[in-house]
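Biologist: I'd like to go through this model with you and hear the reasoning behind each label. Could you show it first?

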Amino acid sequence: MYAIWNLTDVCPWNCAFCCMSAKNLNANSLRDKLDIRKKIKILKILAANGVKIDFSGGDPLFRHEDFTVVEEATKILPKEKIDVSMTGYEFNKKKLHLLKKVGKVEISIDNVPGEVNPFRPKEFNFSAISTLETIAKEGIFCSAVTTLYPHTANKESLKKLFELLCEKMIPKWNILRFYPVGRGVKLSNLNLAEKELIEIMDFLDLLNGSTEIALQHSLRILRGEYQCHAAVKSIGILPDGTISACGWGLDENSRPLPCFELGKLPKDSLDNTLKKAREKMGYEERMGYCRIMKYLKEKEIYESERNTM
């Protein structure tokens with residue numbers, strides 16, 4: 001089992017389509033939804049169940065308490081069981097030392113620095129590439145992450161970014177589908193048609209260089225290469241411990257979509273929660289479609305029909 005654990009919804013950035021609707025606040029200006037004792041308890045539950053954890057957020061290394069949780073994970077989990085999805089904000093030696101103990105680091109970068117993108121803060125891409133370059137030089141396995149939407153999904157921009165990643169010796173480039181969830185609910189116009197996404201994937205297949213290109217599962221589903229693994233192979237965990245069938249299956253309040261909420265840690269048993277998801281909530285098998293996009297499409301059709309009545 002793989003868990004995307006959003007340790008916090010606090011982030012130094014303020015991206016327009018953040019699926020977590022992350023709060024752009026000072027590191028010490030907001031109390032955590034779970035205290036550090038409960039976070040450590042959740043960590044131990046996941047470790048005991050052999051779960052691989054992707055620490056995410058917000059920024060999981062922005063605040064001291066969350067940094068401490070990731071640090072604790074490196075003491076009780078093997079390196080290959082720990083991923084960290086962070087931002088490049090105020091990178092320092094303390095973070096570098098910690099990241100040497102994890103299996104993979106992911107940092108989002110949507111454009112070559114300098115390209116105008118109204119959906120990312122001005123310094124976002126500069127910060128990302130600088131940090132990626134630093135950790136790659138230290139031998140830490142890292143991946144740049146790019147979300148496909150109109151301001152990124154053109155061939156010229158993608159090719160330039162790929163060439164930059166190869167130049168900086170970044171080992172991997174993960175390409176994600178845009179989900180109109182969280183803060184992005186109001187930006188559904190950024191959602192690309194399936195035909196466009198397949199065309200972009202075909203283009204990316206033709207790029208050759210030292211950086212490996214990996215397509216997110218939801219993109220591979222469009223090609224018939226993969227099946228939705230929500231609650232079967234992966235789950236999401238929110239800052240208050242709520243378990244979602246998928247880390248991206250969130251509404252405009254960054255709460256699980258209907259039928260995606262499975263339980264809550266550390267209160268509920270993880271084993272019993274997953275058993276219930278399989279036996280009573282329809283998650284007993286993987287599907288040949290993305291459950292999130294299916295729900296959103298059905299919701300759009302329903303609301304359209306209701307508005308025409």
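Modeller: Happily, and let's begin with a pairing: Ile 237 of S10 has Ile 243 as its bridge partner in S11. Bear in mind that this is a predicted model, where local features need pLDDT of at least 70 and side-chain atom pairs count only at pLDDT 80 or more, while totals for chains, interfaces and linings use all residues. Residues are numbered from 1 along each chain as its sequence is written, and side-chain values use heavy atoms, with hydrogens and water left out.

Biologist: What makes S10 and S11 a pair, and how do they run?

Modeller: Two strands pair if DSSP finds at least two bridges between them. Two bridges join S10 to S11 (residues 242–244), so the definition is met, and these strands run antiparallel. Strands here are DSSP runs of E, at least two residues long, and helices are runs of H or I of at least four, numbered from the N terminus. In the hairpin of S10 and S11 four residues lie between the strands, and Gly 241 takes a positive phi near 95 degrees.

Biologist: Which strand does S10 join in parallel?

Modeller: That is S1 (residues 2–6), joined to S10 by four bridges. Trp 5 has Ile 237 as its bridge partner in S10.

Biologist: What makes you say that both faces of S10 are covered?

Modeller: In a regular strand the side chains alternate between the two faces of the sheet. For S10 (residues 234–237), Ser 234 and Gly 236 on one side are buried, and so are Ile 235 and Ile 237 on the other. Buried means under 20% relative accessible area, exposed means over 50%, and partly exposed is in between (1.4 Å probe, protein chains only).

Biologist: Why is Ala 230 called buried?

Modeller: Its relative accessibility is 3%, which is under 20%, so Ala 230 counts as buried. Ala 230 sits in the loop between helix H7 (217–222) and S10. Leaving out residues up to four places away in sequence, Ala 230 touches Ala 245, Cys 246, Tyr 283 and Arg 291, where contact means heavy atoms within 4.5 Å.

Biologist: How do you know that the span of H4 is close to what is expected?

Modeller: The expected span is 1.5 Å times one less than the number of residues. H4 (residues 124–137) has 14 residues and reaches 20 Å from its first C-alpha to its last, close to the expected 20 Å. Its buried residues include Phe 124, Ile 129 and Leu 132, and among the elements covering the buried residues of H4 are strand S7 (142–148) and helix H5 (155–167). Just after H4, Gly 139 takes a positive phi of about 80 degrees.

Biologist: Why is Cys 19 not bonded to Cys 18?

Modeller: A disulfide is a pair of cysteine sulfur atoms within 2.5 Å. The sulfur of Cys 19 is 5.4 Å from that of Cys 18, the closest cysteine sulfur, so the distance is too far for a bond. Cys 142 is in no disulfide either, with the nearest cysteine sulfur, that of Cys 166, 12 Å away. A search of the whole structure finds zero disulfides.

Biologist: Is Cys 142 buried or exposed?

Modeller: Cys 142 has 0% relative accessibility, so it counts as buried. Cys 19, at 22%, counts as partly exposed.

Biologist: What makes the protein as compact as a globular one of its length?

Modeller: The protein has nine helices and twelve strands. Its radius of gyration is 19 Å, close to the 19 Å that the globule rule gives for 309 residues, so the protein is as compact as a globular protein of that length. That radius is taken over C-alpha atoms, and the rule is 2.2 Å times the number of residues to the power 0.38.
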